[in-house]
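This report looks at selected packing and surface features of one protein model. The sequence and structure come first, followed by the description.

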Amino acid sequence: MTPAPIPTGFDLAALDMAGTTIDEGGLVYQVLEATVADTVGAPVPADLLQRWKGTSKREAITGLLTGLGADADEPATDAVFAAFTERLVATYRENPPTPFPGVVEMLATLRAAGAKVALQTGYSAEIAGSILAGLDWPVGSGPSSVVDAIVTSDQVPASRPAPYLVFRCMEATAVTDVRRVLVAGDTPNDLRAGHNAGAGLVVGVGTGSFTLDQLAAEPHTHLLASTADLPTLL
């Protein structure tokens, strides 16, 4: 079967946050690893942590606890997630995340061209909100806003690689044709979610913890050094 042609342009860019648009130095996974390791009293294997990158952090905690043979029922997961959230918010307060170079200009270019921009993330609403407040990024459809919408992992029934974050971004921005949606992220789970959603453009970027060579093994339409390069796909 001849593959469908890659669409030209897009109506919505659904972009991951940490490692994709936001540079937080990988702190989220350092804090996640440390919190789980402190809970179980044992180190977290690197391959186990890699498997859960790009997913809901609460789902990741459940997966990591299970993988380590620890109690992963709801009360145990809740306790670890609460400790993780408290530590991460404190860490970000001391080390504020910043946009990757060129990302603010990229967001403005996409919106000026008529594309909607939504952030979709494995963060909870509390953590994502604190990051956006620190960046002073208003969310909304008005000209003073930086992005049109944000969807967090606690707003969907399952995080990546499920497609629901992408679908909620479409709902939030009134975009109806998934073939006109661009999904971009820095992890295999980002790309799998875009593929599972049926997005017309699935873009891997090399600014996170996976190389472009590693991302090339995942379903994608494009690989870019940075999301700052997304205007080339308009």
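## A buried leucine in H1

In this predicted model, Leu32 counts as buried because its relative accessibility is 1%, where the cut-off for burial is under 20%. Leu32 belongs to helix H1, which spans residues 27-40.

Leaving aside residues up to four places away in sequence, Leu32 touches Leu49, Lys57, Ala60, Ile61, Leu64 and Phe84. One of these partners, Leu64, is 32 residues from Leu32 in sequence, and the C-alpha atoms of Leu32 and Leu64 are 9.6 Å apart in space.

## Helix H3 and its ends

Helix H3 covers residues 57-67, and its buried residues are Lys57, Ala60, Ile61, Gly63, Leu64 and Leu65. These buried residues pack against H1, H4 and helix H2 (46-51).

At the N-terminal end of H3, Ser56 acts as a cap, with a side-chain oxygen placed 3.2 Å from the backbone nitrogen of Arg58. Just after H3, Gly69 adopts a positive phi of about 75 degrees.

## The second largest pocket

The second largest pocket holds about 180 Å³ of space, and its lining consists of Val89, Tyr92, Arg93, Pro96, Pro97, Ser130, Ile131, Gly134 and Leu135. Helix H4 (74-94) and helix H6 (125-135) are the elements that give two or more residues to this lining.

H6 supplies the largest share of the lining of the second largest pocket, with four residues. Sorted by class, that lining comprises six nonpolar, two polar and one charged residues.

Note on methods: Residues numbered from 1 in each chain as written. Predicted model: local features only at pLDDT ≥ 70, side-chain atom pairs only at ≥ 80, totals over all residues. Heavy atoms only, no water. Buried < 20%, exposed > 50% of the residue type's maximum accessible area, 1.4 Å probe, protein only. Contact = heavy atoms within 4.5 Å. 1 Å grid on protein atoms, 1.4 Å probe; cavity = no way out; pocket = protein on both sides within 12 Å on 5 of 7 lines; lining within 4 Å. Points joined across faces, edges and corners; volume = space filled by probe spheres on them. Nonpolar A, V, L, I, M, F, W, Y, C, P; charged D, E, K, R; others polar. Polar contact = N/O pair within 3.5 Å; in protein donor to acceptor, adjacent residues only side chain to side chain.
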